[in-house]
Amino acid sequence: MANNAAGSSQPAKAGDPLAQMAHSEAHYFNSYNHHGIHEEMLKDEVRTKSYRDAIYQNGHLFKDKVVLDVGCGTSILSMFAVRAGAKHVIGVDMSTIIDKAKEIVERNGMSDKITLLQGKMEEVVLPFDKVDIIISEWMGYFLLYESMMDTVLYARDKYLAKDGLIFPDKATIFMAGIEDGDYKEEKIGFWDNVWGFDYTPLKETAMTEPLVDTVDIKAVVTDPAHIITFDLYTVQVKDLAFSQEYSINVRRSDFVHALIAWFDIEFSACHKPIRFSTGPHTKYTHWKQTVFYLKDVLTCEEGETITGTLVNKPSEKNHRDLDISISYKLNTEDMHRQASGSGVYRMYVLNDAYFQVSCI
Amino acid sequence: MSDTDSDTASSVGSLIEDASEPDTTTFKCLFCDKPWGNVPEMFTHCESEHKFNVKAAIQEIGSKLEEIGVIKLVNYLRLEAQKGTDPSALTVTPENLADDKYLVPTLEDDPLLFELGDFMPDSNEQVRDYEEYEAVLSKNLPEDVSKIDVSGERDERYFDSYKGNGIHREMIEDRVRTESYRDFIEKYAHLIKDKVVLDVGCGTSILSLFCARAGAKKVFAIDNSDIALRAREIVKKNGYDNVVEVIQGRIEDFHLQQKIGKGNVDIIVSEWMGYGLLFEGMLDSVLKARDIYLKPDGLMVPSHCTLRVAPISDKTWISESTGENFWKDVYGFDFSTMIPGGLLNDREIGVFDVPPKSISGSASTFYELDLARITVPELDFTAPYSTTLDRDVESLDAFAIWFDTFFLPHGSKPDLSQADALKWSANGAEGVAMATGPFGTATHWHQAVLLLDDKDRKTSLKQGTTLKGQITYKKRRRDVRGIDVDVSWAAEGVEGKVSRPMG
């Protein structure tokens, strides 16, 4: 998650689940800068160990190099880089967590190797004109929600030396279809009867809110479909608005209530390429999966396909918010089961007023 | 946990490439030049020819140093072989692999380095690439698809989501809360029937709808936010738009006063309680509404609240919640400057569902709010409490603060100084009581926890010790939502004070 990182103006989302932790019930008043969010991210072993392995197993790439850690948080990636032999690491983060990072770096005897700067990437002055390697953990939910990729691209264009490396350098979004009848009924159908009252005006809002959640592999009915791959060496900020056609193969005859999306991350500069997935088929990550409920229930037979287009657009008001639209069509010979439609979704940071009201 | 967690799962990608390339890889023996087609054969050869058990060494080192150590091990063995060291004389320990020079591959493009994950101890059930996605998919295919349980674990997490509706739903779904209001309104419908009701901060209007259904003559549902638009739709949809009038605005707005009329309301219903009862300062608006609109003999719903406190002594729970164990060793680095820095810390009040076993003394009611009478200045207060430890404790670690809420009919003058909402109805008392303490059903309010400073967490105390002290609630001047809470305590031989902000 890209919270608390350089360039991120909005801090951690309130109530972000600290899943799998004993105190997952906990909430906090000042959700930013408190340590829980950092603990959650560090405890996400898939995330942290992938970065660690990518760095440690490539000491030959890091040795005597100047490294920039974009959105360094508690500086764990910076310290990995030092331990892998980097000559110097510059960590940049907007958040006051940088003060803690300084203490941590000192305690681990790396103060002479790591320079930590608080501020926006666009504004800080680096002690080096160029860097050999950029490391960053910039990914948000659905890869791009609240993501810091634009900050990484800025750093790349301004600081990365010719033939410099980016860790990680590839990010791919996938989609699949899931059977989710009970839960859709519970989540969306909930509004049909609230203590005996009809709350359907809120149903429409519920449909436009993608759900960030862990999806059981048992619920997955289709193959994964590749949507888009971002190559961090070449991608431009404008590419974050995209429209991609997709085609999903149905693997078992079942209902499809929702499409889910997740992403894979690859460190391809590695001696031995390292990648990790945030899909439903593998270990839990704090990114989970993103669920988009469909207006229709698709009744699919094995071997059929669901095709459509996924359009993603950073919101005009806040470019870290996303406007997403998904069209879908079940391709079947059976006239009675043919279905198509489209949905519009918004992944927005909750504004304060709305939150306060809800607490009334 | 093996170190193969990363570099494992991927969704599609590489497989296709992998499959298209014929496998011509050979693995050079660790000690001689002999090439082998696969790793197990080579290991067998090492053991029989060179008297060195590679698998055992990997298990040994892997359990201590993870995969990175095993990579070093291979490079170390190859280096030693180049030096001519007798393999059977080699003993491998983490210490002699400490040097990072062993990270440099001894053989260029040594394919063995890529295969070590399979030999790691506890190689866990990881999904690799697409074939494994498939395999997992098929393995988990239930025979009867209709029996798939897709809820379970998710239910718990859903309500933590960050989205708009999610929050409203959490509020509505907080059954303890909503059912307490509903129970009172239904049980005492005769008090509501034909009356004029004001719902302060109506949100999606659920409380207004309860009142309308109970026969209220008129309900004014007030909210200052855009949710009022939604509330209006919902009211209409349920056919109560002739009873419930949703008005967007602030309680003191002139147009509200004109519409509702001063002193014209029989009942004020509001769900205004925040963390630690008073965080968010919503009560101020409710009291303002009371003073403007409520008839002299009007009813407040709820009618009373009590604030309660109890000591916490539980080093394990505290260290889990402060992240203490975690920060000491983060992937080999010392992060202890982050302690206490979990969700529980010494800088601000946190909210938790405190495990009942962590509570080490009696709950003490330290403040009572009679909502028909209390005034805004009285929301800043200092009040005494007294609690008796119910066991010997290693130390006093923290205080938990929560509130009980009472819905009582007109004119009730209850003695709430000893009341426990959980036991209220069992005693046949009138009205409805709602508990948010550690011993009842969890609510979205949880409990407010003040962690003591380290220096104050050192004195052991005997069962039966009575701690007496004072609790202060004080609104922050420039931030109406935030409050500061102080708790002092004293018993024979100990005393102290903790001050923490909330919000």
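## Two chains, their folds and their cores

Chain B holds 15 helices and 17 strands. Chain A has 9 helices and 15 strands. The model is predicted, and chain A carries an average pLDDT of 86, with 87% of its residues scoring at least 70.

### Chain totals

The table sets out the values for each chain.

| Chain | Residues | Buried | Accessible surface | Share from carbon and sulfur atoms |
|---|---|---|---|---|
| A | 360 residues | 65% of residues | about 12300 Å² | 48% |
| B | 503 residues | 56% of residues | about 21600 Å² | 48% |

Contacts can also be sorted by distance along the sequence. Taking contacts with a separation of 6 or more, residues 24 or more positions apart supply 74% in chain A. In chain B, residues 24 or more positions apart supply 71% of the contacts with a separation of 6 or more.

### Nonpolar cores

The largest nonpolar core has 119 residues. The members that touch the most others in this core are B:Leu198, B:Trp272, B:Leu278, B:Phe366, B:Leu369, B:Ile401 and B:Tyr473. Helix α12 of chain B, residues 282–293, contributes 7 residues to this core, the most of any element. A second core, separate from the largest one, comprises 105 residues. Among its members are A:Trp138, A:Met139 and A:Leu153 from chain A, together with B:Phe333 from chain B.

Which residues does B:Tyr473 touch, leaving aside those up to four places away in sequence? Its contacts are B:Gly276, B:Leu278, B:Leu307, B:Phe366, B:Leu379, B:Asp380, B:Phe381, B:Ile401, B:Ile483, B:Asp484 and B:Val485. Of these, B:Leu278, B:Phe366 and B:Ile401 also belong to the group that touches the most other members of the largest core.

### A parallel strand pair in chain A

Strand β2 of chain A (residues 88–93) pairs with strand β3 of chain A (residues 114–118) in the parallel sense, over 5 bridges. Within this pair, A:Val92 has A:Leu117 of β3(A) as its bridge partner. Between β2(A) and β3(A) the chain passes through helix α5 of chain A, residues 97–107. The resulting β-α-β crossover is right-handed.

### Low-confidence stretches in chain A

Where in chain A does pLDDT stay under 50? One such stretch is residues 1–33, for which the model has 116 contacts beyond four places in sequence. Another is residues 351–360 of chain A, where the pLDDT is below 50. This stretch, residues 351–360, has 26 contacts in the model beyond near neighbours in sequence.

Conventions. Residues are numbered from 1 along each chain as its sequence is written. Chains are lettered from A and ligands numbered from 1 in the order in which they are written. This is a predicted model: local features need pLDDT of at least 70, side-chain atom pairs count only at pLDDT 80 or more; totals for chains, interfaces and linings use all residues. Side-chain values use heavy atoms; hydrogens and water are left out. A nonpolar core is a set of buried Ala, Val, Leu, Ile, Met, Phe, Trp, Tyr and Cys residues joined through side-chain atoms within 4.5 Å. Buried means under 20% relative accessible area, exposed over 50%, partly exposed in between (1.4 Å probe, protein chains only). Helices (H or I, at least four residues) and strands (E, at least two) are DSSP runs, numbered from the N terminus. Contact means heavy atoms within 4.5 Å. pLDDT is the predictor's confidence in each residue, from 0 to 100. Two strands pair if DSSP finds at least two bridges between them. A crossover is right-handed if, with the strands pointing away from the viewer, the path from the first strand over the helix to the second runs clockwise. Accessible areas come from the Shrake-Rupley method with a 1.4 Å probe; for residues, only the protein chains shown count as cover.
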